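Biologist: Hey, can you walk me through this one? I'm new to reading structures, so keep it simple.
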Amino acid sequence: MSTDQSGCGAPAGGVTVTAEAAGNQAIVEGHVLRDGAPVGTGYARLLGTGDEFVAEVPLGADGGFRFFAAPGEWTLRVLAPGGVRTECTVAADIGQITKVEVAV
Amino acid sequence: MSRSDVLVDADWVEAHIGEPGVVLVEVDEDTSAYDGGHIPSAIKIDWKKDLQDPVRRDFVDKAGFEALLSERGISNDDTVVLYGGNNNWFAAYAYWYFRLYGHQNVLLLDGGRKKWELDSRELSTDVPVRDKTSYTASEQDSSLRALRDEVIGAIGKRNLVDVRSPDEFAGRLLAPAHLPQEQAQRGGHIPTARNVPWSKAANEDGTFKSDNELETLYKDDAGVDFSKDTIAYCRIGERSAHTWFVLHEILGLPNVKNYDGSWTEYGSLVGVPIELGDAR
């Protein structure tokens, strides 16, 4: 997905699945970008069914985040200064690293 | 205790930055967060290096707490305002220490670091230098801390509040989803525990929900009997410090303990009962 509009998508080059790196974990990771530049201040939240809170991490300086989830579908919500609140649906599975880019 | 005795908002903190007798302290899981920028005049306490015993599994003893606060320039008379990341998990954990060791004037910044950042308030990388003090702590207040035998004895008798996520409670995960799941202990929860994830007590910006919402959450939704004593636990005792803060400090329930051994201890004990599955 283009990064010139709000939304979530796979990074350029598609989703990378590296079972060896993921081991027995179900990893969801990615970056938050604004006009292609990393958003270094903000929070990524992983939510389950009915917006049930699962986990939250502060974004890294590179806009990065990572979750070790249970397998399944999750809502990924990003909060950032200026009232930014963007979300998308992501799927996690054991042995996979699901990569996602969020544009705000 | 009530909300106004234990919580301050960001405007209050902004108005008191640099005021003598007020010490801002950041406590984080990611202790590098402070180095990247903190509330002006705030000092740092490292929840692991500063607050844990370096050898055995326990937290700093009275002498260690006295040495830490003396070295950081905190006096017995100071008003200590704690804040941190992760919706104040570790700040609430540190708050619990300050209460355990008898510090009188301690407050939590509502919303912690997250609300401060989302409000785009000022952060500084200047590290303040404070003159050393001679801090005197009280003996540990055992009415605030539960140890394992007390927890086992409380099954079916007192309120046990498991504040982990539903997946951890059910035994599907062993740690929060932002942490690796490699631990070896058994999954599940202590029999008769109610599952009230800590996150239900917080708004999205990290501030605590209103007293009415909190009372409804624990009493009406989860069936916690407010006339009974309560023990809160999680995985390592920091999220349950957040819930201890809600029940004991905000709602003012008299007998609430934090079980800091929590699931990493209980889930590794030989012979204790464990229940699996979702909350009923």
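Modeller: Sure. One term before we start: two strands count as paired if DSSP finds at least two bridges between them. Also, bear in mind that this is a predicted model.

Biologist: Okay, so which strands of chain A form a hairpin with three residues between them?
Modeller: That's strand 7 and strand 8 of chain A. In the turn, A:G82 has a positive phi of about 85 degrees.

Biologist: How many bridges hold those two together, and is the pairing parallel or antiparallel?
Modeller: Nine bridges, and strand 7 and strand 8 of chain A pair in the antiparallel sense. For one pair you can look up, A:T75 has A:T89 in strand 8 as its bridge partner.

Biologist: What are bridges like these about, in general?
Modeller: Strands in a sheet pair through backbone hydrogen bonds, and they can do that parallel or antiparallel.

Biologist: Back to strand 7 of chain A. Which strand do five bridges join to it?
Modeller: Strand 4 of chain A, residues 43-47, which runs antiparallel to strand 7, residues 72-80. There, A:A44 is partnered with A:V78.

Biologist: What's the whole secondary structure of chain A, then?
Modeller: One helix and nine strands. Along the sequence, a strand comes first, then the helix, then the other eight strands.

Biologist: And how much of chain A is buried?
Modeller: Buried residues are 39% of its 104 residues. Also, of the contacts in chain A with a separation of 6 or more, 64% are between residues 24 or more positions apart.

Biologist: Switching to chain B. In what order do the four strands of its open sheet come?
Modeller: The order is 7-6-8-9, with parallel pairing. Strand 7 (194-195) and strand 9 (256-259) of chain B are the edges, each pairing on one side only.

Biologist: How many bridges are there between strand 6 and strand 8 of chain B?
Modeller: Four, linking residues 159-162 with residues 230-233. B:D162, for instance, has B:Y233 as its bridge partner.

Biologist: Which helix packs on that sheet?
Modeller: Helix 10 of chain B, residues 239-250, which touches strand 6, strand 8 and strand 9. The helix direction makes about 175 degrees with that of strand 9 of chain B.

Biologist: Last topic: how many residues of each chain are in contact with the other?
Modeller: 20 residues of chain B contact 16 residues of chain A. On chain B's side, helix 6 gives the most, with three residues.

Biologist: What classes of residue are on that side of chain B?
Modeller: Nine are nonpolar, six polar and five charged.

Key:
Residues are numbered from 1 along each chain as its sequence is written. Chains are lettered from A and ligands numbered from 1 in the order in which they are written. This is a predicted model: local features need pLDDT of at least 70, side-chain atom pairs count only at pLDDT 80 or more; totals for chains, interfaces and linings use all residues. Two residues are in contact if their C-beta atoms, placed from the backbone, lie within 7 Å. Ala, Val, Leu, Ile, Met, Phe, Trp, Tyr, Cys and Pro count as nonpolar, Asp, Glu, Lys and Arg as charged, and the others, Gly among them, as polar. A residue is buried if 20 or more other C-beta atoms lie within 10 Å of its own, exposed if 12 or fewer, and partly exposed in between; C-beta atoms are placed from the backbone. Axes are lines fitted to C-alpha atoms, for helices over the stretch in contact, and angles run from 0 to 180 degrees between N-to-C directions.
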